[in-house]
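User: Hello! I have some questions about why certain labels are used for this protein. Could you take me through them?

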Amino acid sequence: MNKLVVADAGPLIALARLGSLALLPGLFSQALVTPQVLAECEARHDRDEGAAVRAAISTGSLYLQTPPTPLPGWGVDAGVSSAIALALATGAGVLMDDRAGRNVARTLGLNVIGTAGLLVLAKRRGQ
């Protein structure tokens, strides 16, 4: 996996629920999130995940970065598309659970890791 990763909403929400967003800086040199992904994380006002992701941006565990425009559709949602576009632009891997998004990312030659893979990697590294 690349030292630079762009995270999609699904893994960020899962890590926030587990209280494990702090794993990201220990596993990657930088973890990037797009405004579209952040919006997806904050979409449910009855949940705390969006606030946890926003706090991780504030503390420097995550970095908010806008992808190049226009975003290709690739037949996936805006958050997935933005994450893939930013990964392509920065040479990063992607942290993504969305099956269609993972397929697109792999087709485009990106390294992909999911939430489960990230947790296994963290355990192997003693985090």
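User: Which residue in β3 is the bridge partner of Val 33?

Analyst: Happy to help! In β3, Val 33 has Leu 64 as its bridge partner. A word on the model first: it is predicted, so local features need pLDDT of at least 70 and side-chain atom pairs count only at pLDDT 80 or more, while totals for chains, interfaces and linings use all residues. Residues are numbered from 1 along each chain as its sequence is written, and side-chain values use heavy atoms, with hydrogens and water left out.

User: What makes β2 and β3 a pair?

Analyst: Two strands pair if DSSP finds at least two bridges between them. Two bridges join β2 to β3, so the definition is met. The two run parallel. A strand here is a DSSP run of E with at least two residues, numbered from the N terminus.

User: How do you know that β1 pairs with β2 and with β4?

Analyst: β1 (residues 4-7) shares three bridges with β2 (residues 30-33) and three with β4 (residues 93-95), in the parallel sense both times. Val 6 has a bridge partner in each: Leu 32 in β2 and Val 94 in β4. Ala 7 is matched with Leu 95 in β4.

User: Why are β3 and β5 called edge strands?

Analyst: The open sheet has the order β3-β2-β1-β4-β5. β3 (63-64) and β5 (112-113) each pair on one side only.

User: Which way do the residues of β1 point, and are they buried or exposed?

Analyst: Leu 4 and Val 6 point one way, Val 5 and Ala 7 the other. In a regular strand, side chains alternate between the two faces of the sheet. All four are buried, which means under 20% relative accessible area (exposed is over 50%, partly exposed in between; 1.4 Å probe, protein chains only).

User: What is Leu 21 in contact with, leaving aside neighbours within four places in sequence?

Analyst: Its partners are Leu 12, Leu 15, Ala 16, Ala 52, Val 53 and Ala 56. Contact means heavy atoms within 4.5 Å, so each of these meets that cut-off.
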